[in-house]
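Biologist: I am new to this structure and would like to learn how to read a few of its features. Could we go through them one at a time?

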Amino acid sequence: MAYTLARDGDRANVTLKGRLTFQEQMSVKQMIGDLQGTGAKQWSLDLHQLEFMDSAGLGLLLRMKKAADDAGCRLNLRVPGEGQIKRLMDVAKFAELVPIEP
Amino acid sequence: MKANPRIQAYEERPDVAVVAAPDAACLDAFLRPPRRIVVEGTGRDDPATRRMAAVRDGGLLLSVTSATAFAVPLAKAFCAWVARWHAIPADRLIDMETALHEAVSNALLHGNLEISSTDLEAIEDADAYAAALKAPLADPRLAARRIDLEADPADDGLTVYVTDEGAGYAPNAGVPGGPHLEWSGRGLGIMRAHAHRVRLLDGGRTTALTFDLTAVADGPAAGAEAMSAADVDLGPYLEESRVLVVDDDEINRLIVQDWLNGIGIGQVDQAADGLECLEQIARARPSLILLDLAMPRFDGFQVLEHLSAMPDARTIPVFVLTAWDDREARNRALRLGATNLISKPLSPEVVTARVLEVLERRRLLDVLKGYQERVGQELEQARDMQRDLVPDDGQILTLEQRYGCCLDAVFRPSSELGGDTWGAMPLGTDKLALFLADFSGHGVSAAINVFRLQAAMEDLKSLAPEPAAFLEALNGRLCRLLPVGQFATLVHAVVDFAADSLTYASAAASGILVSHGADGAIDLADGEGLLLGVRSEARYVERRLAFPPGSSLVLFSDALYETPVTGGGNLDLEGVRDLARRDDVRHARRPLARLLAVFEAAATNPPSDDLTAVWLRRR
């Protein structure tokens, strides 16, 4: 999985590409580090370019939420309107855990 | 240290000492900081002291006569001195000693004492060796010739210059193409093998050996530093080790045996020739063989050939001992399976260091293998425990008979330990609960969570007939136990055989298929719900469906629908549903087994995740 990080005022935008699965723990750790480093208070994660995410990927997102909470930042997800990832998040009612925007 | 009349130290220069006819002990005492210059001489007026002027900044100089160089282990003493001034990794130090030993031998024998290489090669043993040197050493002119060792730290490493006062030397002079550093009979091969760079200067009177101290050893040596012998307690291992020394010279064998006993090797066997060597190996298998190459009758090469043909002996490491620095001979030995080469004349430091190195490595490998086996066994045990949690064939049969249904299940963890589990809980004559849980991740932590869940379910059993309440209580427990990022998906379903109903609650479990009656089409059921173990206030929805005779309930983990299939993409939930709708699957006596057979045929690879599924079909 690869990601790009862009600063937009008080907001840090991260775009994920590839597959978000159990193996991506280190990438996510690094991503959290980078986000904390920006000092931005709003973290926005765009999942539109992810090919695939499994339940382990959900776990990694939960860890990101905790990291954001600990840093006093707000995390939100941008999720495609349909497809495997949307389904996964719907069945897990993930929007109740991490705010989701289209 | 009491004042020694032989030693004249300069008061104004504590870094200089002039010593008359030093012996080994004397050198050892003086080759220490703050001394940078130690010159053998009669006094401060000795012309030899003029050499001091040319010493480079930060360098060290040791200047002795040939007589002293013959009597004292010069290379060893000098390297010890260098190591007291500069940090030198242990294995680099051994390389330095080995290369320097060759250079000093050259300087002494071929340089100062003018013994030719051919004369030297004709020498058969230690006595002949001593005799050959006796005559030139008796000549005061030759005996007084000096050997200077100078150490010069530079950016690219440490360079040691060995200078003699002989006639000079040009390797392969007269060979078309000019002189070049090749086979020469002067141990140049050995020097090149142990030094970063070798140069001949000043008409061959100075050999410059450069040692790269800055390079990071990323081979076995670095690994050995990270886990030292002390960590692994080599002592008892050495005591149990057996080393076989093969050399036709009895004195050599005894000397080496002595060295090996000195470092704690418990058993040293001896063989005088190749035949005895093979006999010894057959009698008692050694951990290591030290093999002299040049032996009469059955020489070292033949022994190596025989060893590589013997399946048992082939893996025993063999160090070949050779006075030859004939590169071809050395390469041949290596090609025939020699593990490493040690040059003669042997020094105890080099031999013992190399022996310890290989035995230490073996010991580490044994420890690692032992650990792997032990962990493997423990994982096996844990895997069995996990399997025990899940209903076995006998229990399944009992349930089938009791409730009048077909119960087909599969439980396949992807690695030794998995994060999946399923279970069946009889709730009286008419009710049976089925559940399937899938913990995030796999391996040890997921397996631990599985045990936690089963224990919590046992505790909260009384709530099992009420799926939503059951899930909420389980969730409360798990939220307290699980770290952030770990969670489970869980579906818990209660089949009521009297009321013909199915009541279930789901925590984000997508793998649920239900059909109503024998002719009803099987379809995906809604599994929406918060992940289990994340939010303690989670509330779960209880859903109720008709479940008359002939109905089927299929619960399955995500390995089934997230595994890639030929034609691209994953099977997906709809794909599983379609497989379950196939006539050959839904009418099969063992519908799940049939579905999996079709699934496996379509999957590009075996699932990388734990695969758990259960199919209940009412009669």
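Modeller: Start with a helix, and keep in mind that the model is predicted. Helix α4 of chain B covers residues 90-112, which makes 23 residues.

Biologist: What span does α4(B) reach from its first C-alpha to its last, and what is expected?

Modeller: The expected span is 1.5 Å times one less than the number of residues. For α4(B) that gives 33 Å, and the helix reaches 31 Å, close to the expected value.

Biologist: Is α4(B) mostly covered or mostly open?

Modeller: Mostly covered: 17 of its 23 residues are buried. Just after the helix, B:Glu114 takes a positive phi of about 55°.

Biologist: Which residues gather in the patch of negative charge on the surface?

Modeller: The patch is formed by B:Glu380, B:Asp384, B:Asp388, B:Asp392, B:Asp393 and B:Glu416. Helix α16 of chain B, residues 348-389, gives the largest share, three residues. B:Glu416 sits in the loop between β14 (405-412) and β15 (420-426) of chain B.

Biologist: Why is B:Glu416 called partly exposed?

Modeller: Partly exposed lies between the cut-offs of 20% and 50% relative accessible area. B:Glu416 is given that label because its relative accessible area is 40%.

Biologist: And B:Val598, is this residue buried or exposed?

Modeller: Buried means under 20%. B:Val598 has a relative accessible area of 16%, so B:Val598 is buried. This valine lies in helix α22 of chain B, residues 591-602.

Biologist: How far apart are B:Val598 and B:Val585?

Modeller: In sequence they are 13 residues apart, and in space 8.8 Å, C-alpha to C-alpha.

Key. Residues are numbered from 1 along each chain as its sequence is written. Chains are lettered from A and ligands numbered from 1 in the order in which they are written. This is a predicted model: local features need pLDDT of at least 70, side-chain atom pairs count only at pLDDT 80 or more; totals for chains, interfaces and linings use all residues. Side-chain values use heavy atoms; hydrogens and water are left out. Helices (H or I, at least four residues) and strands (E, at least two) are DSSP runs, numbered from the N terminus. Buried means under 20% relative accessible area, exposed over 50%, partly exposed in between (1.4 Å probe, protein chains only). Patches are made of residues with over 30% relative accessible area and no salt bridge: like charges are joined within 9 Å, nonpolar side chains (Val, Leu, Ile, Met, Phe, Trp, Tyr) within 5 Å. Accessible areas come from the Shrake-Rupley method with a 1.4 Å probe; for residues, only the protein chains shown count as cover. A salt bridge is a side-chain nitrogen of Lys or Arg within 4 Å of a carboxyl oxygen of Asp or Glu. Lys and Arg count as positive and Asp and Glu as negative; His and the chain ends are not counted. The place of a charge is taken as NZ of Lys, CZ of Arg, CG of Asp or CD of Glu.
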